[in-house]
Amino acid sequence: MTGKYIYFAVAALLGVLAALNHFLPYFMLSILYLFVLHHYKKFQPYLLSVITAVWLVFFLFGFQAANHNHTKIPETVSLFSLEYIQDPKIDGDLLQIQAKEHVYKEKLLIRYKMNSQQEKEDLKDKSFYGYVCKLSGDLKKPKIAKNPNGFDYRNYLKTKEIYWIVESKENPLSNCTPVKRSSPFTLIQDLRFMGIHYLEKQFPTEIASLSSALIFGERGMLSLDLQEDYQKTGLVHLLAISGLHVSLLIGMVFYMGIRLGLTRQTMTNFLLMVLPVYVILTGASSSVIRAGLMIFLVLAVIKWKNQLKLLPLDAISLACIIYLTFNPLVLFDVGFQLSFTVSAAIILSAKYILGKYSITIIQMIVISAASQLTALPFLLYHFFGLSFIGIVANLIYIPLFSYVYLPGLYGLFFIQLVLGWTPGILIKFFMSIITLFNTLIALLADLNFAALVPGRPNLFFLLFDIVVIVCIFYIWEKRGYPNRKWHLVGLSAALLTFQSGWNWADPFGEVTMIDVGQGDSIFIHFPRGGGNYLIDTGGTMNFMDENWQKRAKPYEVGRDVVVPFLKGKGITKIDKLILTHGDMDHIGGAKSIIKELKVEEILLPSVAEPSAMEEEIKAKAEKKGINLVHVSSGYRWGNADHQFYILSPDENFKGERNSGSLAIFARFGGLNWFFGGDLDKPGEERIIQRYPELTVDVLKAGHHGSKTSSSEAFIRQVKPKAAIISVGEDNRFGHPHQEVIKLLKEVNAVIYRTDLQGAITYSFYKNTGTFSTFLP
């Protein structure tokens, strides 16, 4: 069976997917897979029977996992008996930790808001392992995605078999009793906690955070900005303990053992015993488990070489099968997807690459390119794009991590453990190296021209990408293939431009009111490259008073909602960023938009006293060279397909900020639109006095449906057929007001609300279109 385990692994994957995803397409794909093995690979009936049996077994594993993937805890439960199973995550004044509930045998996510800096310091110093704790709290459902391409926290936690968040006002360790007999798993986790805590106490933050990531697999100490830089440059895999790290470490330990006079058999036995401990000690992420299983299998072959034969491809295939046996839901983990597919591609290509390219630097470039190519469908689906700079950056950072960071930081750790102190010259050396390369990666991450962002592919584009990638690898490695270079260039160009080209040529337009909570943000896309407009950006108010309470990267609606929504659609350029007025809930996200996307022009209302946030946006626009225009009534733009007219305010408006909101009348998609920001009743009355014939098809309700807007006279004159209201779920203002809802119903307007229906989209082709909501 040597060399054939990959076929069983593929069958296992298809079986799990058929059970957990859509049965029919994956069942048909499985039938096609068996046909290909029979017709092209000439597999014998007995081997096809074994592969079919593997498919069936893993289909049942997946079916059982799906059947059990729901909560058993009633919503009314408020008292819990918990055993903590994870290190706490402490961010500002918020503590989060996973726990196992003893009565229902179910995992929960505990959230606790700390009351003082002293309490925070105390909890950071305490281990949460080895206790059973009584805790009261309220069960809350995790948040769902309310926008296209939004992060669905509920789905994410469900793949981890967590269905409830417990919001508690009690200290998680306030009512605990020690467990009489701790399991080996708990003891190893406790050792991990102490190791991470020791690093934090003994070394500067820069060294401690990187050491924590590379030694214990804990990235929580790394700044979120730095992690984002690694993500943007395609190097985030280096911050996770992967096959490279595990192989280097195992190799070093094996070599040291041999040098100390121990036999190869003794070292093999030692490593077989230590590997499972190491996997738990380093956080048991998907990449660590994959690497640990592979190396365990390789060591087993070395130990029993007369009885076992195993190729590297067999090792990764068996590792995949074993992993799925114990946890079919891991298939939805992006770390699992990237770790196994990229590793398998490198193994499959290694013989060809090493045989064809003799120069080491060329081999590294080719392996890096092959890795990026294999990862492309997953990167597009989960992160909407990739950075070409990663191919070059890998050439710098892989040797840095392999030969400087990994051995050096392990060395510092053990020197500190043995001597109780670390020579200052070593600290200074690593501080300078880390600072230098952190600065470099920040610069590389800002090279937006090197990024490809076609957006999240639909099923058609995903299948297209996979087929093209397989063809590229086939042609690349096929000896004697005619016109190889031209075909590779053509396929590569198609891979990189097909989806982006469709985004530009798409004949359909859209208007989407993005659900930004209590705020406004409306995206308008015109067909065939006709332009992208964004009216307001939402915004988040943060009220943290003391430094210890501040989150490392507090929620910011522009960065966390609007930018992912746009990039998920392949939007990297905004032709007009229209900011209706200076309130935070309308323009607070503009800084993230300006930072992450190319903005051609910003429109602001012509007012006598702009807000501080408006002044800040102006400064950023000037720094970026963005054209900034103050507009007032009479300003207009458009073409044959769309026209926009500014109806208010008057130039250099003096008065209340909401009353000075930009009011925009637009014609496109076969409808008349009115976007009025937070325009109040006096502002509306000025408009209908000036434009007594004004009527609209779609009204963006003013000020989130507040009764200070949407006056009766205004509504009865404009007679909207539909009203869209952007409003936060369970907001403290009571928006939208019932008087407004009643008035809109009286004129027979169809009402759409983001708090109830999520993002609201009008999709149009030429002069016809339909409304849809993200939530049913």
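**Entry 1: a loop with an unusual backbone angle**

I looked up Glu-161 and placed it in the loop between helix H5 (153-159) and strand E7 (162-168). Glu-161 has a positive phi of about 60°, although it is not a glycine. I note here that I am reading a predicted model.

**Entry 2: cis peptide bonds**

I went on to two prolines. The peptide bond from Ser-648 to Pro-649 is cis, and I read an omega near 10°. I find Pro-649 in the loop between strand E20 (643-648) and strand E21 (663-668).

His-735 and Pro-736 are also joined by a cis peptide bond, with omega about -5°. Pro-736 sits in the loop that runs between strand E24 (722-725) and helix H25 (738-746).

**Entry 3: the seven-stranded sheet**

Both of those loops touch on strands that I then traced through their sheet. Seven strands make an open sheet in the order E19-E20-E21-E22-E23-E24-E25, and the pairing is mixed. I asked which strands are at the edges. They are strand E19 (636-638) and strand E25 (750-753), each of which pairs on one side only. On average, neighbouring strands of this sheet are turned by 15° against each other, direction ignored.

For one pairing in detail I took strand E22 (residues 671-675) and strand E23 (residues 698-700), which pair in the parallel sense over three bridges. Phe-675 has Lys-700 in E23 as its bridge partner. Helix H25 packs on the sheet and touches E23, E24 and E25. The direction of H25 makes about 145° with that of E25. I wrote down a reminder: strands of a sheet pair through backbone hydrogen bonds, either parallel or antiparallel.

**Entry 4: the eight-stranded sheet**

I turned to another open sheet, where eight strands follow the order E18-E17-E15-E13-E12-E11-E26-E27 with mixed pairing. Why is one side of strand E18 (627-631) and of strand E27 (768-773) left without a neighbour in the sheet? Both stand at the edges and each has a single partner strand, so one side of each has no neighbour there. Neighbouring strands in this sheet are turned by 15° against each other on average, direction ignored.

I also looked for a helix against this sheet. Helix H22 (residues 612-624) packs on it, touching strand E17 (601-605) and E18. Its direction makes about 155° with that of E17.

**Entry 5: the hairpin of E26 and E27**

I followed the end of the strand order more closely. Strand E26 (residues 760-765) runs antiparallel to E27, and six bridges join them. Ile-760 stands opposite Thr-773 in E27. Phe-764 has Gly-769 as its bridge partner in E27. The hairpin has two residues between the strands, and Lys-766 takes a positive phi near 55° in this hairpin.

**Entry 6: the second largest pocket**

I left the sheets and looked up a pocket. The second largest pocket holds about 630 Å³ of space. I count 24 lining residues, and the closest to its centre are Leu-249, Tyr-278, Leu-281, Tyr-410 and Phe-414. Which elements give two or more residues to the lining? They are helix H6 (184-202), helix H7 (205-216), helix H9 (243-259), helix H10 (264-281) and helix H15 (389-419). H10 gives the largest share, seven residues.

I then sorted the lining by class. It has 22 nonpolar residues, two polar ones and no charged ones.

**Entry 7: aromatic pairs**

My last search was for aromatic rings, and it finds 49 aromatic pairs in the whole structure. I chose Tyr-323 and Phe-340, a tilted pair with 6.4 Å centre to centre and 55° between the planes. Where in the chain do the two residues lie? Tyr-323 is in helix H12 (residues 312-326) and Phe-340 is in helix H13 (residues 334-356). The two are 17 residues apart, and the pair links distant parts of the chain.

Technical notes:
Residues numbered from 1 in each chain as written. Predicted model: local features only at pLDDT ≥ 70, side-chain atom pairs only at ≥ 80, totals over all residues. Heavy atoms only, no water. Pairing = 2+ DSSP bridges. Helix = DSSP H or I, 4+ residues; strand = E, 2+ residues; numbered from the N terminus. Axes fitted to C-alpha atoms, helices over the stretch in contact; angles between N-to-C directions. Contact = heavy atoms within 4.5 Å. 1 Å grid on protein atoms, 1.4 Å probe; cavity = no way out; pocket = protein on both sides within 12 Å on 5 of 7 lines; lining within 4 Å. Points joined across faces, edges and corners; volume = space filled by probe spheres on them. Nonpolar A, V, L, I, M, F, W, Y, C, P; charged D, E, K, R; others polar. Phe/Tyr/Trp six-rings, centres within 6.5 Å; stacked < 30°, edge-to-face > 60°.
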